[in-house]
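Take a look at the chain below. We will walk through it pair by pair.

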Amino acid sequence: MQFHHNGYVSADPRVEPAAGAGIDRPSQMPDVMDVLIVGAGPAGIITAAQLSQFPDVHTRIIDRRPGRLEIGQADGIQSRTVETFQAFGFAEQITAEAYIIKETTFWNPDPQNPERIIRTDRTPDDPTGVSEFPHLVVNQARVIDYFAQFAANSPARTVPDYGWDFKELSVEEGQEYPVKVTLVGCGEDNEGLERVVRAKYVVGADGARSNVRRSIGAKLSGDKANHAWGVMDTLGLTNFPDVRTKCAIHSKAGSILLIPREGGQLFRLYVDLGEVPEGDNGKVRETPLEEIIERAKAILNPYSLEVKDVAWHSVYEVGHRLADRFDDVPVEEIGTREPRVFITGDACHTHSAKAGQGMNVSMQDGFNLAWKLGYVLSGQAPDSLLRTYSDERKVIAKDLIDFDKKWSSIMAATPEELVGQEGVAEFYVRTAEFPAGFMTEYAASELTAGKDHQELAAGFPMGKRFRSSQVMRVADVNPKHLGHHHRADGRYRIYVFADQQPVGQFEQLAELSRWLLEDEQSPVVRFTPKGADADALFDIKVIYQQDYTTMNVNDAPKVFRPNVGQFGLMDYEKVYTALEDSDIFDERQVSREGAIVIVRPDMYVANILPLSARDELASFFAPIMREQA
């Protein structure tokens with residue numbers, strides 16, 4: 001972490017200096033703003049957090065609650081999401097307070113006595129080592145707290161405006177702030193007060209019953225709910241031996257998904273309530289807590305359960321629904337105008353909670369959208385960049401729903417129905433990468449190149465998240481995970497993997513450095529804002545193959561040693577070498593002839609090129625950036 005580049009800092013370095021919209025930010029809701037986010041849940045708060053790194057963008061986030069969320073329904077955190085937390089600077093803190101899932105056990109009827117359950121399988125949570133980060137369980141409210149703190153400490157000083165509910169909106173193009181939004185007060189001081197504000201863009205993160213979705217005419221479609229589950233966060237006494245281990249339990253009396261919670265004693269039970277009869281009309285949601293508890297006791301036989309306290313409980317019906325579009329451009333008008341209103345998270349896709357996907361995928365929606373809004377509103381990219389949000393995320397949501405349908409059907413099946421079929425344990429192992437959050441793969445587009453040069457870095461699949469590996473930082477001889485320096489600061493990353501030249505003879509790198517810093521076609525020259533640091537938009541790092549003891553930081557060309565801040569101090573954190581015992585070139589199958597790997601602000605691989613590919617590097621950024629000269 002670097003923080004002295006503009007002078008000595010003695011206070012908490014995570015509190016960045018206020019800038020732009022963060023200077024004298026109005027404490028009350030203003031009449032106009034660049035972005036209005038509706039809903040301070042996971043999808044909304046990550047959008048606000050990322051936008052808070054764009055100080056020239058005035059963002060407001062409203063929520064109908066009177067204050068912070070105190071207890072949330074979602075709790076499962078994928079490894080991919082913990083990688084995202086690392087980008088926002090709080091992975092270590094939230095991991096320390098979370099329950100860490102190391103293993104999943106599977107329980108089924110005892111063949112000798114089918115009325116009783118026995119443990120039949122167990123599997124490590126990450127059998128393939130797909131991430132250095134674990135799968136966590138932590139209260140949704142704490143996730144929101146961390147993102148809110150990041151936003152409040154960022155240059156834009158973004159904080160939620162509580163006590164405001166969304167009523168309706170309309171878009172009136174031709175005006176500086178074309179989205180007209182009607183809000184209704186629901187706090188102590190503004191109850192019933194109706195007011196109109198205007199924004200350049202609106203983000204609807206207001207849940208499955210989204211009024212923003214209704215206002216833009218987007219439609220949810222999909223399967224009708226036909227199975228119900230009771231869920232409760234429980235403090236209780238039990239002799240069930242795996243109560244502190246994630247479990248999938250099938251018995252003659254039904255099914256349970258058991259998730260241990262943070263804090264050492266709390267655990268969540270998803271309890272099978274069976275098929276929902278036709279014409280139920282939501283009556284199953286009135287199932288009393290006592291009935292859920294009795295069903296849980298029956299499923300756990302021969303083990304006992306004495307419930308002492310229930311912190312939260314609910315009943316829900318499994319339904320899988322997807323919005324026809326994720327923005328306000330009707331299908332027949334796609335390509336003819338740019339979107340002004342977007343929906344994220346549960347507002348555009350709904351599914352069961354048992355796969356632990358909802359909060360995770362919702363946050364990736366917000367991460368995907370926010371940096372694009374930041375680029376457009378900062379003048380760094382054309383408005384057309386915003387079209388890519390719906391194109392990219394709708395495909396991911398469809399994949400999620402397809403996965404969840406299969407997972408839900410297996411969890412709801414009786415032991416008899418699973419005879420001869422793929423069971424829970426087999427499905428869990430086969431699809432492990434999906435629930436970990438690593439199956440997202442963006443198709444070729446203006447933001448993601450084709451796979452013409454994939455063989456140069458086969459371990460960084462095009463369109464998938466950049467998978468970190470350890471390297472040696474030359475300046476201070478500290479081994480570091482390369483991907484952990486990918487901060488949520490809105491910058492593109494350009495990782496240059498050097499070829500096999502003797503120290504002092506890296507002419508190809510020297511030529512690349514000169515071109516990046518001086519050539520009029522270089523994206524650094526064309527798109528870096530006037531007067532900004534050389535690495536303000538592109539964070540360019542080099543990874544050598546040599547042993548670090550044979551090099552010093554001054555061996556690297558100038559583009560990897562930029563001068564930053566008001567004093568023009570050198571950045572010492574861009575020059576690395578491979579480690580002897582865990583060589584990134586081997587681990588990520590990077591060519592020994594070298595390669596350039598370009599990574600988007602939201603951590604997905606955007607392009608892979610040879611070291612000599614100047615024209616391709618220039619032409620890749622040309623359509624997605626605006627000239628800043």
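A charge sits over a ring if NZ of Lys or CZ of Arg is within 6 Å of the ring centre and within 35 degrees of the ring normal. Keep that rule in mind for the first stop. Remember too that this is a predicted model.

Start at R340. Its charged end sits over the ring of Y201, 4.9 Å from the ring centre. R340 lies in the loop between strand 18 (320–323) and strand 19 (341–343). Is R340 buried or exposed? Its relative accessibility is 15%, so R340 counts as buried, because buried means under 20%. Now look at what surrounds R340. Leaving aside neighbours within four places in sequence, R340 is in contact with V171, E173, P178, V179, K200, Y201, V202 and D328.

One of those contacts, D328, leads to the next topic. Side chains of opposite charge can pair when their charged atoms come close. D328 forms a salt bridge with R337, and the closest N and O atoms are 3.7 Å apart. D328 is buried, at 7% relative accessible area. R337 counts as partly exposed, at 27% relative accessibility.

How many salt bridges are there? The count comes to 47. Another of them joins R60 and D161, with the closest N and O atoms 3.0 Å apart. R60 lies in strand 2 (residues 59–63) and D161 in strand 8 (residues 160–162), so this pair ties together parts that are 101 residues apart in sequence. Both R60 and D161 are buried.

Move along to D476 and R473. Their side chains meet in a salt bridge, at 2.6 Å from N to O. Which partner is buried, and which is partly exposed? R473 counts as buried, with 7% relative accessibility. D476 counts as partly exposed, with 30%.

Salt bridges can also link up into a network. Here, D489, R491, R493, D535, D539, K541, D571 and K574 are linked in this way. Find these eight names in the structure and trace the links.

Next come rings. The structure holds 27 aromatic pairs. F90 and Y146 form one that is stacked: the centres are 5.0 Å apart, with 10° between the planes. Why does this pair tie together parts that are 56 residues apart in sequence? The reason is where the partners lie: F90 is in the loop between helix 2 (79–87) and helix 3 (91–97), whereas Y146 is in helix 4 (residues 140–153). Both F90 and Y146 are buried.

W371 and Y492 meet in another way. Their ring centres are 5.8 Å apart and their planes stand at 85°, so the pair is edge-to-face. The cut-off behind that word is an angle over 60 degrees. W371 lies in helix 7 (residues 358–377) and Y492 in strand 23 (residues 492–497), so the pair ties together parts that are 121 residues apart in sequence. W371 is buried, with a relative accessible area of 1%. Y492 is buried as well, also at 1%.

These two rings belong to a cluster. F54, W371, Y375, Y492, F538, F620 and F621 form one aromatic cluster. Pick out W371 and Y492 in the structure, then look for the other members, including F54 and F620.

Now turn from side chains to the backbone. Strands of a sheet pair through backbone hydrogen bonds, either parallel or antiparallel. One open sheet has three strands, in the order 3-7-4, with antiparallel pairing. Which strands are at the edges? They are strand 3 (76–77) and strand 4 (99–101), and each pairs on one side only. Strand 3 pairs with strand 7 (residues 135–137) in the antiparallel sense, over two bridges. Within this sheet, G76 stands opposite V137 in strand 7.

Finish at D56. This residue is in the loop between helix 1 (42–51) and strand 2. Is D56 buried or exposed? D56 has a relative accessible area of 61%, so it is exposed, the cut-off being over 50%. Not counting residues up to four places away in sequence, D56 touches G20 and D34. Then compare D56 with C186. The two are 130 residues apart along the chain, and their C-alpha atoms are separated by 30 Å.

Note on methods:
Residues numbered from 1 in each chain as written. Predicted model: local features only at pLDDT ≥ 70, side-chain atom pairs only at ≥ 80, totals over all residues. Heavy atoms only, no water. Salt bridge = Lys/Arg side-chain N within 4 Å of Asp/Glu carboxyl O. Helix = DSSP H or I, 4+ residues; strand = E, 2+ residues; numbered from the N terminus. Buried < 20%, exposed > 50% of the residue type's maximum accessible area, 1.4 Å probe, protein only. Pairing = 2+ DSSP bridges. Phe/Tyr/Trp six-rings, centres within 6.5 Å; stacked < 30°, edge-to-face > 60°. Contact = heavy atoms within 4.5 Å.
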